Amino acid sequence: MPIKFHQNSQEFHLFNDRISYIIKVLRNDQLGQLYFGRRVPDRADHSYLVENGYRPVMSYVYDDDYDFSLGNVKQEYPAYGTTDYRMPAVEVKQPNGSTVTNFRYRSHRIYAGKPKLADLPATYVENNDEATTLEIILHDDVINVDLTLTYTIFADYDAITRSVRFANHSDQDYQLTTAMSMNLDLPDDNYDWLQFSGAWGRERQLKCTHLRPGIQSVGSTRGASSHMQNPFVILKRPHTDEFQGEAYGFSLVYSGNFLAQAQVDAYQVTRVQMGINPFHFSWKLAPGQKFQTPEAVMVYTSNGLNQLSQTYHRLYQRRLARGYWRDRPRPILINNWEATYFDFTEGKLVQLAKQAHELGIELFVLDDGWFGKRTTETAGLGDWWVNRDRLPNGISGLADRIHRLGMMFGLWFEPEMTNRDSELYRHHPDYIIQTPDRHPSQGRHQYVLDFSRPEVVDYVYNLIAKVLRDGHVDYVKWDMNRNITECFSAAFPADQQGEIFHRYILGAYRLYEQLIQEFPKILFESCASGGGRFDAGMLYYAPQAWTSDDSDAIERLKIQAGTSYCYPISSMGAHVSVCPNEQVNRYTPLKTRGDVAFFGDLGYELDLTKLRPDELAQIKNQVKLMKHYRVLFQFGRFYRLKSPFTSNITAWLVVSPDQQQAAMGYFKVLNDVNAPYRLQRVPGLLADQKYRVHEEGGHDCGTYTGSELANIGLVTSDAESEQSAATRDVPDFYSRLFIFEVKKD
Ligand code: DGJ
């Protein structure tokens, strides 16, 4: 068993071939954290790691025994109010106003496999031998509440998942006000903290700072994981880079309000926590009731950030994403949004689809504006029936025309919203999230529906399911364009209003689950004004997501690079759009736009009927190339070689699982004159194997062994090391795509 319990020392050792995690039941029966890192040999007793001598101005667990303070010890799931003054992982408010708890070890269970989480997304196994699970039950005698810490370690992924379940066995009501999914006390503070922050149109930009004493955190209070912060952080050693060094990743499988924080204490212990944001959260734990936290996924590597990301990619691709599309190459799509916005007719759509089909594009997506009175963004959300003025043959009529072309048909929804000008709102004004006696604020002229109420979710489900049942739909883009304000639900009493943000997201998950169960072959793509809810929770339901509303190729270098630290290439919707770009007004070569979008789920989002013949020919070639190499791009092993955050050049590599094939995108933002000589090392290939290297378009770059490519590198300076880029017609924002294929003699 990869989880051992040492009875005498009361220690648990979780391990696979590469990582170890060690927990100990402390003197007072609470749980101590001893080690998380590279695999170490098993050992019967690690008591030497519990350093806990006297220190001034601390308080002590036992009278007249100054050797044991919780404030000095590294813990698994700490509480506040006794002898630890740091941030707690759990807080339970009791009827007398106290929040003091003492959760002590009671029992444990080790078993093969991994349990499902009730109503929440989580990683999973297909066979029980893929992972082993440890459940430790802690109990507080005074309040008679159980707390179960669940850990799963995978055999093939260097990841440990954690979540926590509470059960109230008393006859009193409690308020759970903090219930983090994980806590990890690391023994020192020599780490850089990496977060992925941004805004609409510039999501998940890498920010790196060295840890400092005190608390550093990211989180969301918007009801969605948000554009601004992402529920994913990394701690790395200062010298760690993409290819070597230690790093820990922390990812929350959750789409609502979250908090991720690191607290460095006076003794340089780093406490990492992640979970539902305690701000504006409380959960009434009534007698007999349970509460389940979301899952956190911790990954350790001693081989650099690329390896950390690759572990998340493989795990999330294979054991978080689910269903028919999980392992399938994703269809190349045309989306009409930036081609027509709200200004379309059935004729125009079919014309666009025909043009797309001639270029080899496989899926036509009808975006916003097909339903109710939705001809502008001020009306119609919630009225999920076709607008016959625009589409006289209905959704099925249009879908059939698209299908007859030999293409798949996709449709846009925004299930969680309504406009004031809608039938839904006229008939059910009480269905929105709003606070009594307060003005309900709008965003994009819309309100958020109260998905904490099952009847509201059911109402939306019935309408959407009917369209999908009748409409012959193959793909759904599920959008979500505003965040929650005046958070309150008419269906819950005062002492449960702190539950609404969480109940809302549970409602959204339930709607997703019902739809994917009923329509298992539909490909779902999540979206939230671009990448406003790009998180591991959503990946459980929708294997791909619209990465950002900013489709400019140069902006996308940072957005896609930042996203790739946690999320797989197959999860990133990446579209070629018009120039000048609609977001930044920039002209970039069509080749660059294509080359950037190859590192994702390729799509086109522009009016193809207005392009020149040479542009259409170029797109036809891009589509052909993507079809040929799509499995490599979407499911290969992805490496960041050069970072857009620190360099004028970005380089990305994908290597096929059998290492017979690879592709490298090489993007230069601004031209330089009289440029330096450049060699780009290409890792990940078979050392002794010979690879023929050619550029997309046919240019032969020679034949080299994997060892030469990894150690010497590929010359990339030839087209740019002249006095003037103009003489070679090399523009700004230019890109090259290198293909590596094993040479067959
Ligand atoms: C926001 C999305 O991110 C866009 O792609 C588009 O679907 C619009 N909403 C439609 O309203």
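# Chat: a barrel, an open sheet and the helices on them

User: Let's start with α9. Which strands does α9 lie across, and what's its angle to β32?

Analyst: This is a predicted model. In it, α9 lies across β31, β32 (649–655) and β33, and runs at about 45° to β32.

User: What about α11, which strands does that one touch on the sheet?

Analyst: α11 packs on the sheet with contacts to β31, β32, β33, β35 (690–695) and β38. Its direction makes about 95° with that of β33.

User: OK, and how is that open sheet put together, in what order and with which pairing?

Analyst: Six strands form the open sheet, in the order β31-β32-β33-β38-β35-β36, and the pairing is antiparallel. The edge strands are β31 (637–642) and β36 (700–705), each pairing on one side only. From one strand to the next, the twist averages 20°.

User: How many bridges are there between β33 and β38?

Analyst: There are 8 bridges, joining β33 (residues 661–668) and β38 (residues 734–742) in the antiparallel sense. If you want a spot to click on, Ala-662 stands opposite Phe-740 in β38.

User: Back to α9. What else does it lie across, over by β29?

Analyst: Helix α9 covers residues 553–564 and also lies across β28 (544–546) and β29 (572–577), running at about 170° to β29. Those two strands are part of a barrel.

User: Which strands close that barrel, and are they parallel or antiparallel?

Analyst: Eight of them, in the order β21-β22-β23-β26-β27-β28-β29-β30, with parallel pairing. On average, neighbouring strands are turned by 30° against each other, direction ignored. Helix α6 (residues 454–471) packs on this sheet too, touching β23 (408–413) and β26, and its direction makes about 165° with that of β23.

User: Can you zoom in on one pair? How many bridges join β26 to β27?

Analyst: Four bridges join β26 (residues 475–478) to β27 (residues 523–526), and the two strands run parallel. One residue to look at there is Lys-477, whose bridge partner in β27 is Glu-525.

User: Switching to helices. How do α10 and α11 pack, angle and distance?

Analyst: Helix α10 (residues 590–598) and helix α11 (residues 613–635) pack at an angle of about 20°, and their axes are 10 Å apart. Because of that angle, α10 is roughly parallel to α11. The crossing of α10 and α11 is right-handed.

User: Which residues meet there?

Analyst: From α10 you have Leu-590, Lys-591, Gly-594 and Phe-598. They meet Glu-615, Gln-618, Ile-619, Gln-622, Leu-625, Met-626 and Phe-633 in α11. By class, the contact of α10 with α11 has 6 nonpolar, 3 polar and 2 charged residues.

User: Now for backbone oddities. Is the Cys-579 to Pro-580 peptide bond cis or trans?

Analyst: That bond is cis, with omega near 0°. Pro-580 is in the loop between β29 and α10. Also have a look at Ser-529, which is not a glycine and yet has a positive phi of about 45°. Ser-529 is in the loop between β27 and α8 (536–539).

User: Why bother pointing those out?

Analyst: Because most residues other than glycine have a negative phi, and most peptide bonds are trans.

User: Last one: what domains are assigned, and how far apart are their centres?

Analyst: The domain assignment gives domain 1 (90–318) and domain 2 (642–742). The C-alpha centres of domain 1 and domain 2 lie 39 Å apart.

Definitions and conventions
Residues numbered from 1 in each chain as written. Predicted model: local features only at pLDDT ≥ 70, side-chain atom pairs only at ≥ 80, totals over all residues. Heavy atoms only, no water. Pairing = 2+ DSSP bridges. Axes fitted to C-alpha atoms, helices over the stretch in contact; angles between N-to-C directions. Contact = heavy atoms within 4.5 Å. Parallel < 35°, antiparallel > 145°, perpendicular 65-115°, else oblique. Left-handed = near helix turned anticlockwise from the far one by under 90°. Nonpolar A, V, L, I, M, F, W, Y, C, P; charged D, E, K, R; others polar. Domains from an automatic or database assignment.
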